[in-house]
Amino acid sequence: MAKLASAEKTKKAAGSFSVNQYYIDVADRIGKIKWICSGLLLLAILVSVILGRSDLSFYNFQYLLKHFAVNSADATSNFRELNYDSDGNYVFGYFKNDLVVVSKRGIDFYDMRGHSVLSQTHTLSKPQIVETDQYLYLYDQGFHTYSVYNSFACLKSVTTEYPIYKIAGSDTGVYALLTKSNNYKGVVSIYDKNFKTLSEVFKDKYIIDINVASDGGRVLLLSCDTNQEGSFFTEVQSVLPGKEEAEFTVVIQDCFPLRASYFSNGNIGVLCTGRFLTYNRQGNLISEIEFVGNETPSCDFDSHYAALSFKKNAMGIESLVKVINENGEEIGNDIEVQGEIKKISSEPTGVFALLTDAVARIDYRSLDVSYESVQGNPLDFIVRDEESLLICYNNKTQSVYYAFSDHHGEDQNDDNNGDSH
C-alpha cells in the first residue's frame, strides 16, 4: 500500500512538473542526511557539555568576546557632573569613551551620560592604570596583582611571584610587565594579545622605565647603574618581542634616566637628568637638548611630541614648558605658563597643563598659551576631544566645554563650564 502511494505521488509530481525520479531520490537522501547531521551535532554538544562543563564559565565567555567593544552611550554624549564617594586616592583614565575611576577599593567605568557600566572590586594599595586601543591594564604598583579589561569586562586577573613596577601596552594588544627576581634587578616579561609569553629580558641593572611601540613590534628598556667612580649612567635598549638579542643598546654617561618612549616615526625620546636625547630606530643619536637646574621635570609623550614642564624659579609659581618633536627639534624657546603645573599632557591638538584653578593649552604651531578656568584644586584632568575636558576631583568629575582665553584668571562665561550641547 505504501509503495502504491509513493508511486502515485511520484507519478503526480512527474506529470505536473516533469520531475525526474533520480532527483526525487537525491532529495530524499539529502533530507535523511540533514537529520543525521542534526542528531550528531546535538550529540557532540551534549558530550562537550558533559566532558568540558568545568570550562563553561562566564569568565571564559567574556574571554571569547575580548575584542568586542560595547558602549551604551554615544561618543557625543557628555554629562555635566558625575559624583562618587570621596576616597582621596583616586586614579583617573579615559577608555573607549568611558571615564575610569580607580580607588583602593576597585575600578568603576562610567559612560558619558554618567551611568555606571562596569564596577569591579579590587584590594589595591597603589593603583595604576594603562590605557591602549584594545585593553586597559590595572595594576597595584609595588605589589603582586594586575588585571586586564576591555570595554565591558575583566578578561584576566593575575597574581605574580614578584612585585609589579610598571606595565606598558601597545595598540595591538602586546604588552610588557616590569618586575624583578632573586637573581636579577629587573625582569621584563613580554606578552602577546592572547596573554601568552613571547619572551623575557633579564637585567643586572635597575630598570626605570619601559615602553612598547604602538604596533607592538618593539619594547624599550631604560635602565641605570653606577660606574667605578660611583656616577650614574643610563642604558637605553630596544628589544624585539620573541627575540633574545637586543635590537640595539646605547649607554649615556653621567646622568640618571627618567622617561623614554617611541615616537610614531620610529625614533626614540629619552629624558634624563639635565638633558633630552632623541635616537633613530638604529640607536644613532639625532639630537641632545640640555636644560639647566637640578629639578626633575614633568614629562609626557604622544606619538609626535614630548612636553616637559619646569618651575620658572624656586620662589615663584610660574612654569616653563619645552616642546620637542619626534625629530628631536625643540619647538620655539621655553614657553611661559602663568601658574604652577600639576600635570602636563601632550595631545594631538596641543600641550595641555593642569594648574591650581585652570587648564592651559599651548598650540603646537603658534605656541600661543591660552587658559580655561576651572574650580579650584582638581586632582587630574583628561582631554576628551577637541572641544571638551574632564576635570577630576576627589568626589566628582566635571565635564567642561572649553573656550580658552588669552589670560589666566579672565572671567569665563559660566555656561561654558559643564554644559552639554
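**Entry 1: F248**

I started with F248, which is buried because its relative accessible area is 8%, and a residue needs to be under 20% to earn that word. I note here that I am working from a predicted model. F248 belongs to strand 17, which I find spanning residues 246-253.

I then looked up what F248 touches when residues up to four places away in sequence are left out, and I listed V236, Q237 and S238, then I268, and finally N280, R281, Q282 and G283. For one of these, Q237, I also took the C-alpha separation from F248, and I recorded 5.8 Å for two residues that lie eleven residues apart along the chain.

**Entry 2: the chain overall**

I went on to the totals for the protein chain, where I counted three helices and 32 strands. Of its 421 residues, 46% count as buried, and F248, as I wrote above, is a buried residue. The chain exposes about 22000 Å², and I note that carbon and sulfur atoms supply 50% of that area. Among contacts with a separation of 6 or more, I find that 40% are between residues 24 or more positions apart.

**Entry 3: the sheet of strands 10 to 13**

I next followed an open sheet of four strands, whose order I read as 10-11-12-13, with antiparallel pairing. Which strands stand at the edges of this sheet? I find strand 10 (166-169) and strand 13 (197-203) there, each with a single partner strand, so one side of each is left without a neighbour in the sheet. From one strand to the next, I note a twist that averages 15°.

As background for myself, I wrote down that strands of a sheet pair through backbone hydrogen bonds, in either the parallel or the antiparallel sense. Within this sheet I looked at strand 11 (residues 175-179) and strand 12 (residues 186-191), which pair in the antiparallel sense over five bridges. To place the pairing on individual residues, I noted that T179 stands opposite V187 in strand 12.

**Entry 4: a nonpolar patch**

Lastly I turned to the surface, where I36, L40, L43, L46, V47, I50 and L51 form a nonpolar patch, and I recorded about 700 Å² of accessible area for these residues together. Is L43, a member of this patch, buried, exposed or partly exposed? I have L43 as partly exposed because its relative accessibility is 48%, and the partly exposed class lies between the 20% and 50% limits. I also checked where L43 sits in the chain, and I find L43 in helix 2, which covers residues 21-51.

Notes. Residues are numbered from 1 along each chain as its sequence is written. This is a predicted model: local features need pLDDT of at least 70, side-chain atom pairs count only at pLDDT 80 or more; totals for chains, interfaces and linings use all residues. Side-chain values use heavy atoms; hydrogens and water are left out. Patches are made of residues with over 30% relative accessible area and no salt bridge: like charges are joined within 9 Å, nonpolar side chains (Val, Leu, Ile, Met, Phe, Trp, Tyr) within 5 Å. Accessible areas come from the Shrake-Rupley method with a 1.4 Å probe; for residues, only the protein chains shown count as cover. A salt bridge is a side-chain nitrogen of Lys or Arg within 4 Å of a carboxyl oxygen of Asp or Glu. Helices (H or I, at least four residues) and strands (E, at least two) are DSSP runs, numbered from the N terminus. Buried means under 20% relative accessible area, exposed over 50%, partly exposed in between (1.4 Å probe, protein chains only). Contact means heavy atoms within 4.5 Å. Two strands pair if DSSP finds at least two bridges between them. Axes are lines fitted to C-alpha atoms, for helices over the stretch in contact, and angles run from 0 to 180 degrees between N-to-C directions.
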